[in-house]
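Here are my notes from a pass through the model, in numbered points. Have the viewer open while you read.

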Amino acid sequence: MAGRPRCELCGTRPAPRLCPRCRLVRYCDASHQGADWNSIHEKICPLLIPPQPCFHSEREREHGKEQLLRRQKSIVEVAVSAAQRFLWEGKALEALPAALQALRFSARVFGWSSVQLVPVYLLLAEASTGTGNLRQASKYLSEAEWIVLQSPDCPAALQSRLHRGLGLFCIAQGNLDQALYHLATDVYLATSAFGVDSIEVSGGYFHMANIFFRQNKVDVANSLYTEVTRLWHSWLLSSLQEHQGRLRRLRARAEAAPWADDEEVAEDGMTEAQGEEARRVLQALLGVRKKQQLPEETARVLHALAMLHYLGLDLEKRKPQPWECLEDTRKQIQIRKKTKLYNCGNV
């Protein structure tokens, strides 16, 4: 005899409420139904409705299986994207239902022991930490760690993400020494996977710098902050040069043959995740450098932000603020140089 259906969100209480659209998902009360709807269910509700089976041959059955698999993978992508976007916006509670749906469908598609589940567990751990539920976050991280330990061929890039998640969890716990260990391991693995000058390395450096700054080890923190700024500035400058090069080629081709079809599509190499990480890290660095009154470092961070806003086509942010701040910083540098020269002349 089948048990009574449980709530889609909490999974513990009986669920008398049924979604009136897909008629597949149940909830224990209106609050859980509303929370799931606002987080993810509105986006995936039509995808949950299975197609009408009409299989008259083996080929049609195989086609039906492929169609179902594609639909489930689409649900995973939508759910992961929604959860990540909520976390970027600082809405950890809203991210949880989306991340849970991503876990359920990832398990159906890939299996519970697949490394494909590790990024989803990390999302769930981050969301749980954001809501203050460290105990649940620890469980999700343990699941991710167990999968990685059971997968000898697990890519170094994925192991790097796991150690960063463990490091951030240790920071939330207040265990800074253990956090430094995990973040250093994150840097090592990211370096082996992407190279020493990759932006993937910068996240570990940045969080380590924050720890050293909290421990009043300002010199160590500043050296790491400078390295983070260098990595993002170099990468953004390279991306900007590639972007401008593509635009020049497209413009020249359009002038030479205005009626010809474009064969090259001007696409920036920056993903949404990279852009969001760059924005968060550089904004935090800007606040640190302004408090420290380091005009040269402030100027470098502002230049990186200006390039980021340009590549993201965020013209409102690109035009007024960064360049005005750069001009103020340039004046501060000139004043400092003049002061040094004046002091040297009076010695």
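1. How far is the sulfur of C22 from the closest cysteine sulfur, and in which residue is that one? The closest is in C19, 3.7 Å away, which is too far for a bond. A disulfide here means a pair of cysteine sulfur atoms within 2.5 Å, and the structure holds zero of them. C7 is likewise in no disulfide, its nearest cysteine sulfur being that of C28 at 3.6 Å. Both C7 and C22 are buried, with relative accessible areas of 3% and 7%. (Buried is under 20% relative accessible area, exposed is over 50%, and partly exposed is in between, with a 1.4 Å probe and protein chains only.)

2. Some ground rules before going on. Everything here is a predicted model, where local features need pLDDT of at least 70 and side-chain atom pairs count only at pLDDT 80 or more, while totals for chains, interfaces and linings use all residues. Residues are numbered from 1 along each chain as its sequence is written, and side-chain values use heavy atoms, with hydrogens and water left out.

3. On confidence: pLDDT is the predictor's confidence in each residue, from 0 to 100. The protein chain has a mean of 84, and 84% of its residues reach 70 or more. Helix α7 (residues 176–194) has the highest confidence at 97, and helix α12 (residues 315–318) has the lowest, at a mean of 43. Residues 314–327 fall below 50, and beyond near neighbours in sequence that stretch has 17 contacts in the model. Contact means heavy atoms within 4.5 Å.

4. The overall picture: the protein chain comes to 13 helices and two strands. These are DSSP runs numbered from the N terminus, helices being H or I with at least four residues and strands E with at least two. Of the 347 residues, 39% are buried. Among contacts with a separation of 6 or more, 53% join residues 24 or more positions apart. The chain exposes about 20300 Å², with carbon and sulfur atoms supplying 53% of it; these areas come from the Shrake-Rupley method with a 1.4 Å probe, and for residues only the protein chains shown count as cover.

5. Now the packing. A nonpolar core is a set of buried Ala, Val, Leu, Ile, Met, Phe, Trp, Tyr and Cys residues joined through side-chain atoms within 4.5 Å. The largest one has 49 residues, and L48, V118, Y121 and L124 have the most contacts inside it. Helices α1 (30–48), α2 (58–88), α3 (92–110), α4 (118–130), α5 (134–149) and α6 (156–173) each supply at least two of its residues, and α3 gives the largest share, 10 residues. Apart from it lies another core, of 37 residues, including W232, A304, L305 and L308.

6. Have a look at α4. Its buried residues include V118, Y121 and L124, and the buried residues of α4 pack against α2, α3, α5 and α6. What span should its 13 residues have? At 1.5 Å a residue the answer is 18 Å, and the end C-alpha atoms are 18 Å apart, so the two agree. (The expected span is 1.5 Å times one less than the number of residues.) Just after α4, G132 takes a positive phi of about 85°.

7. L48 is worth clicking on too. Leaving aside neighbours within four places in sequence, L48 touches C22, L24, V25, H41, I75 and F105. L24 sits in the loop between β1 (17–18) and β2 (26–27) and is partly exposed, at 49% relative accessibility. With the same exclusion, L24 is in contact with L18, L48, I49 and P50. L24 and I49 are 25 residues apart in sequence, with 7.7 Å between their C-alpha atoms.

8. Two backbone angles to check. R23, in the loop between β1 and β2, has a positive phi of about 55° although it is not a glycine; R23 is exposed at 55%. N216, in the loop between α8 (202–214) and α9 (218–256), is also not a glycine and has a positive phi of about 65°. N216 counts as exposed, at 65% relative accessibility.

9. Last, helix α6. S160 lies in this helix and is buried, with a relative accessible area of 5%. Beyond its neighbours within four places in sequence, S160 is in contact with D186, L189 and A190. L168 is found in α6 as well, but is partly exposed at 34%.
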